[in-house]
Amino acid sequence: MKLQRKNRLRAVAFGAIAVSGALVLTACGSDDNSDGGSGGNGTSKTASNVKCEGKGQLLASGSSAQKNAMDLWVKNYMAACKDVQINYKATGSGAGIQEFLQGKTAFAGSDSPLKPEEVAKSKDVVKGGQGINLPMVGGPIAIGYNLPGVDNLVLDAETLAKIFDNKIDKWNDPAIAKLNKDAKLPDTKIQAFHRSDESGTTDNFTKYLKAAAGNSWPYAPAKAWAPKGGQAADGSAGVSSQVKQVQGAISYFELSYATAGGIKTVKLNTGASAPVEATSDNASKAIAEAKITGTGKDLALKLNYTTKAEGAYPLTLVTYEIVGDKGNKADSLPATKSFLTYVASEDGQSVLKQLGYAPLPAEIAKKVRETVASLS
């Protein structure tokens with residue numbers, strides 16, 4: 001019996017060594033496996049294709065909506081490019097832009113393009129150039145909710161506007177019941193959470209409400225939350241955590257936070273033949289209708305928040321990486337270009353869907369790659 005037990009332990013140990021070796025090989029990657037695929041554990045096998053340039057620390061900050069994508073991109077890139085350490089802090093779009101305009105970071109992540117006054121201020125940081133918007137990742141803004149016993153909640157823009165403006169405060173309100181005739185809606189108080197920090201997710205959410213809900217949303221779209229009342233939390237992680245913990249809660253955040261937290265999400269009644277679920281594929285259908293409104297190397301997009309196309313989820317956002325078209329800091333430029341080249345590549349974009357993000361449409365991605373190559 002002792003000999004059999006010893007043999008079993010030895011077999012387990014050899015198995016663990018074999019698995020460990022396989023994981024090391026997967027993490028290191030190889031040119032033979034650089035086929036654009038991704039491993040089932042959420043790691044890419046393609047970052048070894050990257051042309052590594054630069055060295056040292058690369059500092060960036062901003063959008064928390066793209067944090068899960070950025071975490072994976074950074075992990076894959078640094079596995080291939082050992083001389084670069086990328087430190088991305090998900091401080092929120094507003095804070096990210098502010099740090100970039102103060103010259104503290106090589107690039108910023110923002111879920112809204114730069115405002116004209118921010119472009120003007122960027123000229124003090126990127127000498128001889130200006131800040132530009134490079135769309136890099138898209139995705140649905142999920143409306144997450146915590147309502148036990150209700151698994152297929154449908155809402156429309158007008159009802160959402162009234163919920164987040166504190167005009168509807170019970171889950172069995174007639175407006176909600178009308179959209180969910182087969183659901184058993186409880187007489188539970190609605191706990192609506194919004195972002196406490198300046199957020200591009202808030203900006204896009206309120207742009208959607210303004211465009212699709214009409215007079216039911218009387219506020220101008222902005223990164224800062226305008227209505228009075230409601231409850232607030234910091235970052236996408238903060239509001240999604242509150243929804244998970246608080247019965248009756250509802251909030252808005254990037255889909256990967258709902259996926260990671262096991263949070264139920266609302267289907268939107270857009271006027272199409274069936275309510276539309278928040279998925280990366282459905283967001284891609286809406287983002288495909290986006291138009292480039294930036295000039296020169298700026299690739300800012302205008303999204304169609306009122307699309308009624310079948311299966312198109314209109315409550316989407318695009319996260320931009322904000323850099324200078326020229327005049328970037330010489331010590332960080334090579335690593336910045338190398339990293340953003342990977343992020344915009346087919347390999348970098350292909351890993352997004354596994355996290356619930358929407359890869360860029362092919363034509364836009366091609367323009368982003370061309371622009372990154374021209375940065376100076």
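**Figure 1. Residues at the contact of helices H5 and H7 in the predicted model.** Four residues of H5, namely Ala 157, Leu 160, Ala 161 and Phe 164, meet Phe 205, Tyr 208, Leu 209 and Ala 212 of H7. By class, the residues of this contact of H5 with H7 comprise 8 nonpolar, no polar and no charged.

**Figure 2. Packing geometry of helices H5 and H7.** Two packed helices are described by the angle between their axes and the distance between the axes. Here, H5 spans residues 157-164 and H7 spans residues 200-212; the angle between them is about 125°, and their axes lie 9 Å apart. H5 is therefore oblique to H7, since an angle that falls outside the ranges under 35 degrees, 65 to 115 degrees and over 145 degrees counts as oblique. The crossing in which H5 passes H7 is left-handed.

**Figure 3. Surroundings of Ser 61 in strand E1.** Strand E1 covers residues 56-62 and includes Ser 61. Ser 61 counts as buried because its relative accessibility is 1%, where the cut-off for buried is under 20%. The side chain of Ser 61 is joined to that of Glu 99 by a polar contact of 2.6 Å. Apart from neighbours within four places in sequence, Ser 61 is in contact with Tyr 88, Lys 89, Thr 91, Gly 96, Glu 99, Thr 105, Phe 107, Ala 108 and Gly 109.

**Figure 4. The protein chain as the setting of these views.** The chain contains 13 helices and 13 strands. Of its 376 residues, 50% are buried. Among contacts with a separation of 6 or more, 75% are between residues 24 or more positions apart.

Notes:
Residues numbered from 1 in each chain as written. Predicted model: local features only at pLDDT ≥ 70, side-chain atom pairs only at ≥ 80, totals over all residues. Heavy atoms only, no water. Helix = DSSP H or I, 4+ residues; strand = E, 2+ residues; numbered from the N terminus. Buried < 20%, exposed > 50% of the residue type's maximum accessible area, 1.4 Å probe, protein only. Polar contact = N/O pair within 3.5 Å; in protein donor to acceptor, adjacent residues only side chain to side chain. Contact = heavy atoms within 4.5 Å. Axes fitted to C-alpha atoms, helices over the stretch in contact; angles between N-to-C directions. Left-handed = near helix turned anticlockwise from the far one by under 90°. Nonpolar A, V, L, I, M, F, W, Y, C, P; charged D, E, K, R; others polar.
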